Amino acid sequence: MIADSYKWFVLAGLLVSGWLVYLLSPILTPFLFSALLAYLGDPLVDRLEARRLSRTLSVVVVFVMIFSIVLLVPLLLLPVIETQLAVLIKAVPVYIDWITEKLLPGMQSRLGVDPSSFDVEKAKATLMANWQEAGGLAANVIGYVSRSGMAMLVWLANIVLVPVITFYLLRDWDHFMSAIHDLLPRAVEPTVANLARESDAHLAAFLRGQFMVMLSLAVIYSIGLGMAGLKTALLIGLLAGLVSFVPYLGVIVGIVTASVAMLFQTQDLMQLIPIAIVF
């Protein structure tokens, strides 16, 4: 009876804790993101310390490297992605014309679908009007943030908080872990410490490996699709690489979107062969 009551008490505590975390998610997000960066960067800091660099200097080197990547990658990729999105949207009328001239007549003859049920001209006009109003990707983001005062404050707070928290977590990570270790009851300390070490080794290896796989696949897909002549190679390659953390999903999403884009771009089924080779 006591054991059952204890289980319900633990379950209630977990539910309340989850609810509080959900409510506090806007506040906790920069801290969790900073903790993730510090967790990924700490092994490199330890390696630099082993080469007789001071902890602070090692943290500075890793900190500069992490935030150079975090800042430079979006700055380099956003203009290219925006250009490819513009190419994609501007080609929409051509795609719609192809659907009207080739796809709908085929559907009518084989499936008995009435082409008049599709208002093609209205769809074309709506898409082009929305694109003209929307503008560029970067301009959209900046416009949204500038229009919302609260969003602006949140962005500014995160921009300031994340680097500061990451730096101090990196510098004091070992002290932080030691403090948590000292809080453990001595009776369970050996078991908990052993389980924590094993979990840390597996989790760190999984995260590093997963990031490397996602990055590698995004690069391979983008370069391969670019060599195949696809105009939106980077956009589709990044998408397929990012969703590859789910088994088979990256390949499925990538090959479907790339095949459709190539088919619309060239109207040639033979051009799908290079797409298949890439994936």
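# Exercises on a Predicted Helical Chain

Ser222 is placed in helix α9. The model is a predicted one, and the exercises below start from this residue.

## Exercise 1. The surroundings of Ser222

Task: Determine whether Ser222 is buried or exposed, and which residues it touches.

Solution.
Step 1. The relative accessibility of Ser222 is 13%. A residue is buried when this value is under 20%, so Ser222 counts as buried.
Step 2. Leaving out residues up to four places away in sequence, Ser222 touches Ala233, Leu234, Gly237 and Leu238.

## Exercise 2. The length of helix α9

Task: Compare the expected span of helix α9 with the distance between its end C-alpha atoms.

Solution.
Step 1. Helix α9 covers residues 189-227, which is 39 residues.
Step 2. The expected span is 1.5 Å times one less than the number of residues, so helix α9 should span 57 Å.
Step 3. The end C-alpha atoms of α9 are 56 Å apart, which agrees with the expected span.
Step 4. After α9 comes Gly229, with a positive phi near 95 degrees.

## Exercise 3. The buried residues of α9

Task: State which residues of α9 are buried and which helices they pack against.

Solution.
Step 1. The buried residues of α9 are Glu189, Ala193, Ala204, Leu207, Gln210, Met214, Ala218, Tyr221, Ser222, Gly224 and Leu225.
Step 2. An α-helix has 3.6 residues a turn, so residues three or four places apart point the same way.
Step 3. The packing partners of these buried residues are α2 (25-50), α8 (173-183), α10 (233-242), α11 (249-266) and α12 (272-278).

## Exercise 4. The chain as a whole

Task: Describe the secondary structure, the burial and the exposed area of the chain.

Solution.
Step 1. The chain contains 12 helices and 0 strands.
Step 2. Of its 279 residues, 25% count as buried.
Step 3. Among contacts with a separation of 6 or more, 64% are between residues 24 or more positions apart.
Step 4. The chain exposes about 18800 Å², and 74% of this area is supplied by carbon and sulfur atoms.

## Exercise 5. The nonpolar cores

Task: Identify which residues of the largest nonpolar core touch the most other members, and which elements give two or more residues to this core.

Solution.
Step 1. The largest nonpolar core has 18 residues, and Val62, Phe67 and Leu170 touch the most other members.
Step 2. Two or more residues of this core come from each of α2, α3, α7 (149-171) and α9.
Step 3. A second, separate core has 9 residues, including Leu230, Ala233, Ala258 and Ala261.
Step 4. Returning to Leu170, its contacts beyond four places in sequence are Ala38, Gly41, Asp42, Val45, Arg55, Val59 and Val62.

## Exercise 6. Salt bridges around Arg55

Task: The structure holds 5 salt bridges. State which partners Arg55 has in salt bridges, and whether Arg55 is buried or exposed.

Solution.
Step 1. Glu49 and Arg55 form a salt bridge whose closest N and O atoms are 2.8 Å apart.
Step 2. Arg55 also meets Asp174 in a salt bridge, at 3.3 Å from N to O. This pair links distant parts of the chain, with Arg55 in helix α3 and Asp174 in helix α8, 119 residues apart.
Step 3. Arg55 has a relative accessible area of 14%, so Arg55 is buried.
Step 4. Glu49 has a relative accessible area of 29% and is therefore partly exposed. Asp174 is likewise partly exposed, at 33% relative accessibility.

## Exercise 7. Arg171 and its partners

Task: Find where Arg171 lies, which residue forms a salt bridge with it, and which residues it touches.

Solution.
Step 1. Arg171 lies in helix α7, and at 31% relative accessibility Arg171 counts as partly exposed.
Step 2. Asp172 forms a salt bridge with Arg171, the closest N and O atoms being 3.6 Å apart. A separate network, joined by salt bridges that share partners, holds Asp42, Asp46, Glu49, Arg55 and Asp174.
Step 3. Without residues up to four places away in sequence, Arg171 touches Arg55, Thr56 and Val59.
Step 4. Arg171 and Val59 are 112 residues apart along the chain, yet their C-alpha atoms are separated by 6.0 Å.

## Exercise 8. The position of Leu88

Task: State where Leu88 lies and how many residues separate it from Thr232 in sequence.

Solution.
Step 1. Leu88 lies in helix α3 (residues 55-90).
Step 2. Its relative accessibility is 27%, so Leu88 counts as partly exposed.
Step 3. Leu88 and Thr232 are 144 residues apart in sequence, while their C-alpha atoms are 7.1 Å apart in space.

Key: Residues are numbered from 1 along each chain as its sequence is written. This is a predicted model: local features need pLDDT of at least 70, side-chain atom pairs count only at pLDDT 80 or more; totals for chains, interfaces and linings use all residues. Side-chain values use heavy atoms; hydrogens and water are left out. Helices (H or I, at least four residues) and strands (E, at least two) are DSSP runs, numbered from the N terminus. Buried means under 20% relative accessible area, exposed over 50%, partly exposed in between (1.4 Å probe, protein chains only). Contact means heavy atoms within 4.5 Å. Accessible areas come from the Shrake-Rupley method with a 1.4 Å probe; for residues, only the protein chains shown count as cover. A nonpolar core is a set of buried Ala, Val, Leu, Ile, Met, Phe, Trp, Tyr and Cys residues joined through side-chain atoms within 4.5 Å. A salt bridge is a side-chain nitrogen of Lys or Arg within 4 Å of a carboxyl oxygen of Asp or Glu.
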